[in-house]
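Please walk through this protein with me, beginning with its overall build and then turning to individual residues. The sequence and the structure come next.

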Amino acid sequence: MDISKRYSIKLNKISNHLSALERGHIYELTKTPGTPSCATLAQHLKEDIATLLDLIENGRPGVAEKVAEASKNI
């Protein structure tokens with residue numbers, strides 16, 4: 001399976017964090033409660049990238065695969 005499809009949910013999460021930064025949707029600019037700060041987004045990106053690399057390196061299934069497998073058992 002193509003890596004981009006296998007891990008699409010994790011990649012989409014990373015893309016959403018980057019989009020928030022691109023749009024300036026950060027607390028430092030908007031002062032909107034509940035909006036993440038630059039530091040928070042950076043931490044999320046670090047964690048998400050580390051998780052993604054671990055999944056790929058160890059051949060573990062992505063979220064979509066886990067959901068599909070769980071759906072079979074219902």
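## From overall build to single residues

In this predicted model, among the contacts between residues at least 6 apart in sequence, 58% join residues that are at least 24 apart. The secondary structure consists of five helices and zero strands, and the elements, read from the N terminus, follow the order α-α-α-α-α. The radius of gyration is 15 Å, well over the 11 Å that the globule rule gives for 74 residues, and the protein is therefore more spread out than a compact globule. Along the principal axes, the C-alpha trace spans about 45 × 30 × 15 Å.

Of the 74 residues in the protein, 20% are buried. The accessible surface amounts to about 5300 Å², and carbon and sulfur atoms account for 58% of that area. As for charge, the protein carries 10 positive and 9 negative charges, and the mean positions of these two sets lie 3 Å apart.

We can now turn to the interior. The largest nonpolar core is made up of five residues, namely Tyr7, Ile14, Leu45, Leu52 and Leu55, and the largest share of this core, three residues, is contributed by H4. One member of the core, Leu45, is in contact with Ile14, His17, Leu18 and Leu21 once its neighbours within four places in sequence are left aside.

His17, one of these partners of Leu45, has its place in helix H2, which covers residues 8–23. Is His17 buried or exposed? Its relative accessibility is 12%, and because buried means under 20% relative accessible area, His17 counts as buried. Not counting residues up to four places away in sequence, His17 touches Leu41, His44, Leu45 and Asp48. Helix H4 spans residues 38–57.

The loop between helix H3 (27–30) and helix H4 (38–57) contains Lys31, whose backbone deserves a separate look. Most residues other than glycine have a negative phi. Lys31, although it is not a glycine, has a positive phi of about 55°. With a relative accessibility of 52%, Lys31 counts as exposed, since the term applies over 50%.

Further along the chain, Gly59 is found in the loop between H4 and H5, and at 41% relative accessibility it counts as partly exposed. Which residues does Gly59 contact, leaving aside its neighbours within four places in sequence? They are Arg6 and Tyr7, and Tyr7 also belongs to the largest nonpolar core. The C-alpha atoms of Gly59 and Ile9, which are 50 residues apart along the chain, are separated by 16 Å.

The last stop is Ala70, whose place is in helix H5, residues 63–72. Ala70 has a relative accessible area of 41% and is partly exposed. Between Ala70 and Arg60 there is a separation of 10 residues in sequence, and their C-alpha atoms are 15 Å apart in space.

Technical notes:
Residues are numbered from 1 along each chain as its sequence is written. This is a predicted model: local features need pLDDT of at least 70, side-chain atom pairs count only at pLDDT 80 or more; totals for chains, interfaces and linings use all residues. Side-chain values use heavy atoms; hydrogens and water are left out. Helices (H or I, at least four residues) and strands (E, at least two) are DSSP runs, numbered from the N terminus. Buried means under 20% relative accessible area, exposed over 50%, partly exposed in between (1.4 Å probe, protein chains only). Contact means heavy atoms within 4.5 Å. The radius of gyration is taken over C-alpha atoms; the globule rule is 2.2 Å times the number of residues to the power 0.38. Accessible areas come from the Shrake-Rupley method with a 1.4 Å probe; for residues, only the protein chains shown count as cover. Lys and Arg count as positive and Asp and Glu as negative; His and the chain ends are not counted. The place of a charge is taken as NZ of Lys, CZ of Arg, CG of Asp or CD of Glu. A nonpolar core is a set of buried Ala, Val, Leu, Ile, Met, Phe, Trp, Tyr and Cys residues joined through side-chain atoms within 4.5 Å.
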